[in-house]
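The following exercises concern salt bridges, a helix and aromatic rings in one protein model. Please inspect the sequence and the structure before working through the solutions.

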Amino acid sequence: ANTKEMILLGEMFDASKAQFYGLLNEVVALNELDNKVNALADKFNFLPPRTVQIAKKIIEEGLQLDLKDSQKLEVALQSSLIGSEDWDEAIKSYFEKRPPNFIGH
């Protein structure tokens, strides 16, 4: 309904309305923007790079597929992570109660 309203009316709207429509995640003051962007980037720096890459691929390609094929894609790509160095590091760091050190392998 919101998409139809935006298309049919063609009205301008502010950032808070764009957030309401789901077009953006967060509204921040301009003077807070750099800190927010850096904080978000820092979160990504601690994630396993290959896993993030695969998740992005599943999202992007999965949107173009029917449910069954998107599930097959997800299983195929995620199963390729099992036994990887980062997989082993995630398990090891969990049991050692320390932050993981992912390398992207």
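Lys36 has a relative accessibility of 37% and therefore counts as partly exposed, where buried means under 20% relative accessible area, exposed over 50% and partly exposed in between (1.4 Å probe, protein chains only). The model is predicted: local features need pLDDT of at least 70, side-chain atom pairs count only at pLDDT 80 or more, and totals for chains, interfaces and linings use all residues. Residues are numbered from 1 along each chain as its sequence is written, and side-chain values use heavy atoms, with hydrogens and water left out.

**Exercise 1. Identify the salt-bridge partner of Lys36 and locate both residues.**

Step 1. A salt bridge requires a side-chain nitrogen of Lys or Arg within 4 Å of a carboxyl oxygen of Asp or Glu. Side chains of opposite charge can pair when their charged atoms come close.

Step 2. The side chain of Lys36 meets that of Glu26, with an N to O distance of 3.0 Å. This pair links distant parts of the chain: Lys36 belongs to helix 3, whereas Glu26 lies in the loop between helix 2 (15–20) and helix 3, the two being 10 residues apart. Helices here are DSSP runs (H or I, at least four residues), numbered from the N terminus.

Step 3. Glu26 counts as partly exposed because its relative accessibility is 47%.

**Exercise 2. Determine which face of helix 4 is buried and which salt bridge the helix contains.**

Step 1. Helix 4 comprises residues 49–62, 14 in number, and reaches 19 Å from its first C-alpha to its last. That span is close to the 20 Å expected at 1.5 Å a residue, the expected value being 1.5 Å times one less than the number of residues.

Step 2. Its buried residues are Ile54, Ile58 and Gly62. Viewed down the axis of helix 4, these fall within an arc of 45 degrees and so line one face; the arc is that of the directions from the helix axis to the C-beta atoms.

Step 3. The face turned away from the buried side carries the exposed residues Gln53, Ile59 and Glu60.

Step 4. Glu61 forms a salt bridge with Lys57, the closest N and O atoms being 3.7 Å apart. Because they are 4 residues apart in helix 4, Glu61 and Lys57 are separated by about one helical turn. Glu61, with a relative accessible area of 35%, is partly exposed, as is Lys57 at 38%.

**Exercise 3. Count the aromatic pairs and classify the pair of Phe13 and Tyr21.**

Step 1. Rings of Phe, Tyr and Trp (its six-membered ring) pair if their centres lie within 6.5 Å; planes under 30 degrees apart count as stacked, over 60 as edge-to-face and the rest as tilted. The whole structure contains 3 aromatic pairs.

Step 2. Phe13 and Tyr21 have ring centres 5.2 Å apart and planes at 85 degrees, so their pair is edge-to-face. Phe13 is partly exposed at 36% relative accessibility, whereas Tyr21 is buried at 14%.

Step 3. Ring pairs join Phe13, Phe20 and Tyr21 into a cluster.

**Exercise 4. Describe the salt-bridge network that includes Glu96.**

Step 1. Glu96 and Arg98 meet through their side chains in a salt bridge of 2.6 Å, N to O.

Step 2. Glu89 is linked with Glu96 and Arg98 in a network of salt bridges.

Step 3. Glu96 counts as partly exposed at 44% relative accessibility, and Arg98 is partly exposed with a relative accessible area of 28%.
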